[in-house]
Amino acid sequence: MASSPLRYSTTNPILKKLAPIARKVLPPLVALTVLLVIWQILCSSPTSNLPSPIKAFNDTYNLIIDPFFDNGGTNKGLFWQILASLERVAIGYSLAVVVGIAVGIVIGSNTLLYDAFDPIFQVLRTVPPLAWLPIALAALRQANPSAIFVIFITAIWPIIINTTVGVQQIPQDYKNVAKVLNLSKRKYFFNILFPAAVPYIFTGLRIGIGLAWLAIIAAEMLVGGVGIGFFIWDSYNSSRMSQIILALIYVGVVGLLLDRLIAWISTFVIPEEPKN
Amino acid sequence: MMQMLNLSATQTQTTEAFLTIDQVSKVYSTPKGDAVVLDNVSLQVQEGEFICVIGHSGCGKSTLLNMVSGLSQPTTGQVRLREQVITKPGPDRMVVFQNYSLLPWQTVFENIYLAVDSVFPHKSRKTKNTIVEEHLELVGLTEAAKKKPTQISGGMKQRVAIARALATCPEMLILDEPFGALDPITREELQDQLLEIWRQHQITVLMITHDIDEALFLSDRLVMMTNGPAAHIGEIMDIPFPRPRERSRLMEDPHYYELRNEALDFLYRRFAHEEV
């Protein structure tokens, strides 16, 4: 009797290897199935306002299998819609990265500037992204640059604030080393300041990309044009609820991929964690 | 006793001393009023001397060292090196910090190279590489050149820190409890190594320690500080053992225990810490 569990574990080496993978993959699959079943039950009545998952899939089948069609105007496949949104995010976010890190380093290195600007930043960062849109439209007079500005202004605050903290927390030991070795400003920047602050900078970058992706959807709903945000709004206006659900899934997946992309880049840039 | 010390300090001022600590006081202003850390400390160090400073925690030993290294300034009085007033850190005085202060994102080689590159910017890359290699060899760490500080032991880290300081060819080596965090065997090894380096390089050493045996083994003179606040030099003990010193023979010398007891008496009876 006692030997039977032993025999199981030794005679099934393939099962043994698969077990940890199954342990990771099975629970989320089960959870997803349960949620889909609940959704199906809740929305299966004919009077339901929202489509059930099966109906949503059937309705959007053409969109799923052909994301690359282009019928002109805003009538394009989901690939082009997502790409248009990603382009805006890429421009706005890149600007926010460059300006945010630069401003963060300056503010973090100078106590007077920090005292002067930090209260202002703390107020501005709480302004919701869409509140910037009317100002952007008034100033820039065009839809697309305004959407990009909203991305920029949304993503920049966490980048500035985290970079500032990163620069401020540089251990006094390293600063003393720099002083004793008479490091030039350039050497100090590349050998001490930047490597010490870079984990904090990437925290800001990850928060920033998440907020940027949140903001682009909302901004596009208002400014229109090709883009996943306006696609959602347009679908709502033409009562194609299944399309909205499909778009939301795409938005979620792309948002996750963006976050993982920044995390992946950080593994190349962030120095090894000091242990003591 | 302070009166006498001051008198002797002023008397010898005309003779050429390498390092002169001249009636130095350090006062920090706090919200509760002024905190006097050091009160009227005077000390003369000859070129090539090995000086140890001992005293209880919080007696301002590190403050004193920081003023010699130039990391902080005396409130009153002066610290002079070859009659030049010390106002900032310089490559003639290198510091080995208690917690190693190596940059964790750079290899052992890069850590030392940064110092060499900063102090000798006009030397060729090849020459600078050679200097780094020589000093790695000096502390027996050629093998560890490509490792990161997180991958090596505490004793090795401190050796790197010493190599980094020596690679810039300073006239004076300032060590702040360099071996405090090491196990006894590693500590003895490094003490031997430090003595050998000191003998070969004819360098002046100022070193803080908590360890009476370490001070007796290493130094020419032992500076004993009274307790803070307002600490000053209580007594300076000449340590007359001939060099090169050998640990085992030193232990057999009856005079060793006389000096040891005298130092113990100073630290644990006359200036016992309040907490003890």
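In this predicted model, B:Pro244 is placed in the loop that runs between strand E10 (233-238) and helix H8 (247-252) of chain B. The peptide bond joining B:Arg243 and B:Pro244 is cis, with an omega of about -5 degrees. Most residues other than glycine have a negative phi, and most peptide bonds are trans. Against that background, two further backbone positions of chain B may be noted. B:Asn40, which lies in strand E2 (residues 33-45) of chain B, has a phi near 55 degrees, a positive value in a residue other than glycine. The relative accessible area of B:Asn40 is 21%, so that the residue, not falling under 20%, is classed as partly exposed. B:Arg82 likewise carries a positive phi, of about 50 degrees, although it is not a glycine; B:Arg82 is found in the loop between strand E4 (76-81) and strand E5 (84-85) of chain B, and with a relative accessible area of 36% it is partly exposed.

The confidence of the prediction was considered for the model as a whole and for chain B. The model scores an ipTM of 0.82 and a pTM of 0.80. Chain B has a mean pLDDT of 87, and 93% of its residues reach 70 or more. Among the elements of chain B, the highest mean pLDDT, 94, belongs to helix H3 (residues 108-119), whereas the lowest, 45, belongs to helix H1 (residues 2-12). Over residues 1-14 of chain B the pLDDT stays under 50, and for this stretch the model has 14 contacts beyond four places in sequence. Where pLDDT is low, the predicted coordinates should not be read in detail.

Aromatic contacts were examined next. A pair of aromatic rings is described by the distance of the centres and the angle of the planes. Over all chains, the structure holds 16 aromatic pairs. In one of these, the rings of A:Phe68 and A:Phe79 have centres 4.7 Å apart and planes at 55 degrees, and the pair is therefore tilted. Because A:Phe68 lies in the loop between helix H4 (61-65) and helix H5 (78-109) of chain A, while A:Phe79 lies in helix H5 of chain A, this pair ties together parts that are 11 residues apart in sequence. A:Phe79 also forms an aromatic pair with A:Trp80, at 5.0 Å centre to centre and with 80 degrees between the planes, an arrangement that is edge-to-face. Together, A:Phe68, A:Phe79 and A:Trp80 form one aromatic cluster. The relative accessible area of A:Phe68 is 49%, that of A:Phe79 is 34% and that of A:Trp80 is 32%; A:Phe68 is accordingly partly exposed, as are A:Phe79 and A:Trp80.

In chain B, charged side chains are placed over aromatic rings. B:Lys123 lies over the face of B:Phe120, at 4.0 Å from the ring centre, and the charged end of B:Arg247 sits over the ring of B:Phe217, 4.1 Å from its centre.

Empty space within and between the chains was then surveyed. Rolling a probe the size of a water molecule over the atoms shows where empty space is left. The count comes to 3 cavities of 30 Å³ or more, and the largest cavity has a volume of about 50 Å³. The largest cavity is lined by B:Ser62, B:Leu65, B:Asn66, B:Ser69, B:Val95, B:Phe97, B:Ile174 and B:Asp176. Helix H2 (61-69) and strand E7 (172-176) of chain B are the elements that give two or more residues to this lining, and helix H2 of chain B gives the most, with 4 residues.

The largest pocket encloses about 250 Å³ of space. Its lining consists of A:Ile105, A:Ser109, A:Ala178, A:Lys179, A:Asn182, A:Leu183, A:Ser184, A:Lys185, A:Tyr188, A:Phe189, A:Leu193 and B:Pro89. Two or more residues of the pocket lining come from each of H5, helix H9 (172-180) and helix H10 (185-223) of chain A, and the largest share, 4 residues, is given by helix H10 of chain A.

A final position concerns helix H9 (residues 254-270) of chain B, in which B:Leu267 lies. With a relative accessibility of 5%, B:Leu267 counts as buried. The C-alpha atoms of B:Leu267 and B:Ile212 are separated by 9.6 Å, although these residues are 55 residues apart along the chain.

Terms used
Residues are numbered from 1 along each chain as its sequence is written. Chains are lettered from A and ligands numbered from 1 in the order in which they are written. Side-chain values use heavy atoms; hydrogens and water are left out. Rings of Phe, Tyr and Trp (its six-membered ring) pair if their centres lie within 6.5 Å; planes under 30 degrees apart count as stacked, over 60 as edge-to-face and the rest as tilted. Buried means under 20% relative accessible area, exposed over 50%, partly exposed in between (1.4 Å probe, protein chains only). A charge sits over a ring if NZ of Lys or CZ of Arg is within 6 Å of the ring centre and within 35 degrees of the ring normal. pLDDT is the predictor's confidence in each residue, from 0 to 100. Contact means heavy atoms within 4.5 Å. On a 1 Å grid over the protein atoms alone, a cavity is a set of points where a 1.4 Å probe fits but cannot get out, and a pocket is an open set with protein on both sides within 12 Å along at least five of seven lines; lining residues have an atom within 4 Å of a point. Grid points are joined across faces, edges and corners, and a volume is the space filled by probe spheres set on the points.
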